[in-house]
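Trainee: Could you take me on a close look at one part of this model, a single helix and what surrounds it? I would like to see how one piece fits into the rest.

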Amino acid sequence: MTTEATSAEPDLALTGFASALRHAGLAVTADRVHLFLRSVAALDATMTADVYWAGRAALCSGPDDTARYDEVFAAWFSGQRSRGVVRRTPQASVQAALGDDGEGQDGKRTLNVAASATEVLRHRDVADLSATDRAELARLFGTLRPRAPVRRATRRRPSHRGDVDPRRTLRAQLRQVGEPSRVHYRRRGVRPRRVVVLIDVSGSMRPYADSLLRLAHTMVQQAPRAVEVFTIGTRLTRVTGALRRRDADFALRSAGDVVPDWSGGTRLGEVLKVFLDRWGQRGTARRAVVVVCSDGWERGDATLLGAQMERLAGLAHRVVWLNPHRGKPGYEPVQAGIVAVLPHLDDLVAGHSLTSFAELLEVVADA
Amino acid sequence: MNAEGVSAVGSAAELAERLRATGYLAGEGLATVGYLALALHRPLLLEGEPGTGKTSLAAGIAEALDLDLIRLQCYEGIDASQALYDWDFPRQILHLRTVEATSSDAVVEEVEKSLFDERFLLSRPVLRALRESPAVLLVDEIDRADDEFEAFLLEVLSTYEVTIPELGTITAEVPPIVVLTSNRTREVHDALKRRCLYHWIDHPGLAREVEIVRTRLPGVSARLAEQVARSVHRIRELDLLKPPGVAETLDWARALEALGADVLDVESAAATLGAVLKYREDTDRVRESLDRLLAS
């Protein structure tokens, strides 16, 4: 990192601190550093508290940043830099976990029908695919055409029907020096409705996590501002930012870097509660189409899950549950988790093959 | 209004002192960040749980510095004509008719020019703040507005000027003090965040909350204030749908005061619980453990 912090060159120490923060994963940009230096100059650079607050105001951009900020601040200004600033370790194993896990599940069926390979692939369960088929399927995701669901907007737009628009009518009159002329009309336009996708990344959903994230990626690409994606497992992680990157593989890899709990356990009820407390109730889930992608395997008591789904149903416009096992023959919704949530769902859809994903997109678009 | 007000604040401690005089108790962090916003002419972006005093800080600063508070409440679909300016069409038409009726030899250009006069301009909050600055501009709940509006706001906040095609550019002589608040229903765009000083307001500690109640409601006894604040702190630990904020604490104390209760017991608490909790599920949970919560 930069040079030794001496009292003679406080600016160097401060920019060094800023770059340490950047290494710790905060979005520290040059103009923010500039603002930080100006802030410290306006205060007292020899007072630890002043430097602390100036940095927190200038360099942090959300409550999630503050814990890391505190850590780096303590490490940097206590002089124990030898211990090294906590560099966020990229989770290199993720890509492998997402992509081809060559577990002996790829029992290839011999197909003697005269259907094209692509057509067959569309209907196959994504969990049973070999590595080559997976790559081919990844390409086929590009053929999905998500449509954003719409809602009525607050703003009225000029239209041929609807109610009289006094402003425009008067403006037209004004143009003709006050002579009454054609009456203008207006009515409410449409705007994309928010879609929230919650993807279960626990161990039992592992074969599907990659495809579901790809599905979410196509949805985010189609309406970047109207779709929010979170992963749920043992904790809640927002991956919308990562999925906004255009290239699917790159987006998935960056999503992999932010999610700490791949293939862990599930605490559906608790994590759903965290989502509703922190995001859902404040507005993210309000009047939105919420898609929960999970097999509904809840260890232990499912009452909390049921209660949280009831809450979610009260907030959301429509709640869709995607269960990969639903597409399998002989599936009955009998697991405790699914039984608990079933009364609060608007749709329960399958989600195991590309065709079923296309069907899900239809359900979402028509919501 | 006084122009010296802004520059007269020399340190964070002084700002805290002045805010205290208006009844707003700011913590060390908030006072420092607030002072920086004044000293560097940067907008201040405040986030935090509902009811932690984001909006009242703007009111407090306005009162402490003896400036006007201009408030812009954001909502979905808000656009520039509601935030910036609009022309008063009905009055323009009226004016046109009057000109038509009184003078027969009006010159077209002059009539046109008189139509876009200052007196037909409806100043909306942002324009008002620029024209009347020094003033405090509060942009409340920015997270409710659309992305497009954020981009528009970004433009105004970086130059502190606005161009009206018919009139020309209006620039603030002194940049107004801008306070933005957000409840985080949506992530505010990074570009806007980078323009601002950021502060997350937490619930205050017990001692500070007692002090807030005592300052805001001088009629409430020290004992009652302490009891109310302590109970609210315990309620916050209960993991409720909507944990009460400072605003609710004040409401509760006010409600108890109105009922003439000078001590918080199970009976008076049960009667006034509606001031603190706004969900039936929460009320049920708290009611079950009310005696434990009130135990001192």
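Mentor: Happily; we will start from one helix of chain B and work outwards through its surroundings. Keep in mind that this is a predicted model.

First, the setting. Chain B has 16 helices and 9 strands, and buried residues make up 39% of its 296 residues. Among the contacts in chain B with a separation of 6 or more, 76% link residues 24 or more positions apart.

Now find helix α2 of chain B, which covers residues 12–21. Which of its residues are buried? They are Ala12(B), Leu15(B), Ala16(B), Arg18(B) and Leu19(B). These residues lie on the same side of α2(B), because they cover an arc of only 165° around the axis. A general rule helps here: an α-helix has 3.6 residues a turn, so residues three or four places apart point the same way. And what do the buried residues of α2(B) pack against? Their partners are α3 and α4 (54–64) of chain B. Just after α2(B) comes Gly23(B), with a positive phi of about 95°.

Let us follow one of those partners, α3(B), into the interior. The largest nonpolar core has 101 residues, and α3(B) gives the largest share of this core, with 8 residues. Which members touch the most other members? They are Leu44(B), Val136(B), Leu137(B), Val179(B), Leu197(B) and Val228(B). Take Leu44(B) as an example: leaving aside neighbours within four places in sequence, its contacts include Val33(B), Gly34(B) and Ala37(B). Leu44(B) is also in contact with Val178(B), Val179(B) and Leu180(B), as well as Cys196(B), Leu197(B) and His199(B). In general, nonpolar side chains tend to be buried together in soluble globular proteins. Apart from this core lies another, of 61 residues, and among them are Leu121(A), Val197(A), Val349(A) and Val364(A).

Helix α3(B) also takes us to the other chain. The contact between the chains takes 30 residues from chain B and 34 residues from chain A. On the side of chain B that touches chain A, α3 (28–40) is one of the elements giving two or more residues, along with α6 (89–102), α10 (190–195) and β9 (197–201). What kinds of residues make up that side of chain B? They divide into 11 nonpolar, 7 polar and 12 charged.

So here is the path to trace on your screen: from the buried residues of α2(B) to α3(B), from α3(B) into the core, and from α3(B) to the side that touches chain A.

Technical notes
Residues are numbered from 1 along each chain as its sequence is written. Chains are lettered from A and ligands numbered from 1 in the order in which they are written. This is a predicted model: local features need pLDDT of at least 70, side-chain atom pairs count only at pLDDT 80 or more; totals for chains, interfaces and linings use all residues. Two residues are in contact if their C-beta atoms, placed from the backbone, lie within 7 Å. Helices (H or I, at least four residues) and strands (E, at least two) are DSSP runs, numbered from the N terminus. Ala, Val, Leu, Ile, Met, Phe, Trp, Tyr, Cys and Pro count as nonpolar, Asp, Glu, Lys and Arg as charged, and the others, Gly among them, as polar. A nonpolar core is a set of buried Ala, Val, Leu, Ile, Met, Phe, Trp, Tyr and Cys residues joined through C-beta atoms within 7 Å. A residue is buried if 20 or more other C-beta atoms lie within 10 Å of its own, exposed if 12 or fewer, and partly exposed in between; C-beta atoms are placed from the backbone. The arc is that of the directions from the helix axis to the C-beta atoms.
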